[in-house]
Amino acid sequence: MSFLKRSGTNALILAAVSTFAGFCNSLLGAGGGIFLSLTIGRLLLKDGENGLFSGKALDRRDILATSQAAMIPGCALSCLIYAQGGLLDTTNFSVFAIPAILGGALGAWLLSRIDAKWIARIFAALVTWSGLRMLLV
């Protein structure tokens, strides 16, 4: 309850964007984390000031890690629903999942070792490239 008392409007914005992020991830298979990262960044990134909810200053690495962790439960539930509906390709699942787990571990390890400015640039480049690919292909 103290979370809502400290900043009710921002909490409602984060809840709405988180709902939209889960919807996008389930419907499109990706993209929700982008909305969530951008919103968390807008509301919680305070360059040396205390964050609105956590009580600590957050940098871009904290924001990306937080949005990633927030998306995991929704992604897991979506996968279960996809499997029940026969939409999950379980035959080839391990071909994608095992390398993705390894890549995720490497990315998490690198996140704390790369300057936050470079993380933001890499993120922006990936989002831009993905958007262009979606429009052109």
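Colleague: How many helices and how many strands does the chain have?

Modeller: This is a predicted model, to say that up front. The chain has 6 helices and 0 strands. Reading from the N terminus, the order is α-α-α-α-α-α.

Colleague: OK, and what share of the residues is buried?

Modeller: Buried residues are 20% of the 137 in the chain. The accessible surface adds up to about 9700 Å², and carbon and sulfur atoms hold 69% of that.

Colleague: What about contacts, how much comes from residues 24 or more positions apart?

Modeller: Counting contacts with a separation of 6 or more, 57% are between residues 24 or more positions apart.

Colleague: Let's go to the surface. Which residues form the nonpolar patch?

Modeller: Phe-20, Phe-23, Leu-27, Leu-28 and Phe-35. Together they have about 540 Å² of accessible area.

Colleague: Which helix gives the most to it?

Modeller: Helix 2, residues 8-28, with 4 residues.

Colleague: Take Leu-27 from that patch. Is it buried or exposed?

Modeller: Leu-27 is in helix 2, and its relative accessibility is 59%. The cut-off for exposed is over 50%, so Leu-27 counts as exposed.

Colleague: How far is Leu-27 from Ser-78 in space?

Modeller: Their C-alpha atoms are 9.1 Å apart, with the two positions 51 residues apart in sequence terms.

Colleague: Switching topic: how many aromatic pairs does the structure hold?

Modeller: There is 1 aromatic pair. The partners are Phe-20 and Phe-35, with ring centres 4.9 Å apart.

Colleague: Why is that pair called edge-to-face?

Modeller: Because the ring planes of Phe-20 and Phe-35 stand at 70°, and planes over 60 degrees apart count as edge-to-face.

Colleague: Where do the two rings sit in the chain?

Modeller: Phe-20 is in helix 2 and Phe-35 is in helix 3, 15 residues apart, so the pair links distant parts of the chain. Both names also turn up in the nonpolar patch.

Colleague: And how accessible are Phe-20 and Phe-35?

Modeller: Phe-20 has 39% relative accessibility, which makes it partly exposed. Phe-35 is partly exposed too, at 38%.

Colleague: Now something on the inside. Is Leu-14 buried or exposed?

Modeller: Leu-14 belongs to helix 2 and is buried, with a relative accessibility of 11%.

Colleague: How far is Leu-14 from Leu-36?

Modeller: C-alpha to C-alpha they are separated by 7.8 Å, while along the chain they are 22 residues apart.

Colleague: I was also eyeing Ser-37. Where does it lie?

Modeller: Ser-37 is part of helix 3, which covers residues 32-44.

Colleague: Serine in a helix, fine. Why does Ser-37 count as buried?

Modeller: Because its relative accessible area is 7%, and buried means under 20%.

Colleague: What is Ser-37 in contact with, leaving aside neighbours within four places in sequence?

Modeller: Four names come up: Ile-63, Leu-64, Ser-67 and Phe-123.

Colleague: Last one: what sits over the ring of Trp-118?

Modeller: The charged end of Arg-121, at 4.9 Å from the centre of the Trp-118 ring.

Colleague: Great. Give me a quick recap of the two buried residues we covered.

Modeller: Sure. Leu-14 is the helix 2 one, at 11% relative accessibility. Ser-37 is the helix 3 one, at 7%.

Definitions and conventions: Residues are numbered from 1 along each chain as its sequence is written. This is a predicted model: local features need pLDDT of at least 70, side-chain atom pairs count only at pLDDT 80 or more; totals for chains, interfaces and linings use all residues. Side-chain values use heavy atoms; hydrogens and water are left out. Buried means under 20% relative accessible area, exposed over 50%, partly exposed in between (1.4 Å probe, protein chains only). Contact means heavy atoms within 4.5 Å. Patches are made of residues with over 30% relative accessible area and no salt bridge: like charges are joined within 9 Å, nonpolar side chains (Val, Leu, Ile, Met, Phe, Trp, Tyr) within 5 Å. Accessible areas come from the Shrake-Rupley method with a 1.4 Å probe; for residues, only the protein chains shown count as cover. A salt bridge is a side-chain nitrogen of Lys or Arg within 4 Å of a carboxyl oxygen of Asp or Glu. Rings of Phe, Tyr and Trp (its six-membered ring) pair if their centres lie within 6.5 Å; planes under 30 degrees apart count as stacked, over 60 as edge-to-face and the rest as tilted. A charge sits over a ring if NZ of Lys or CZ of Arg is within 6 Å of the ring centre and within 35 degrees of the ring normal.
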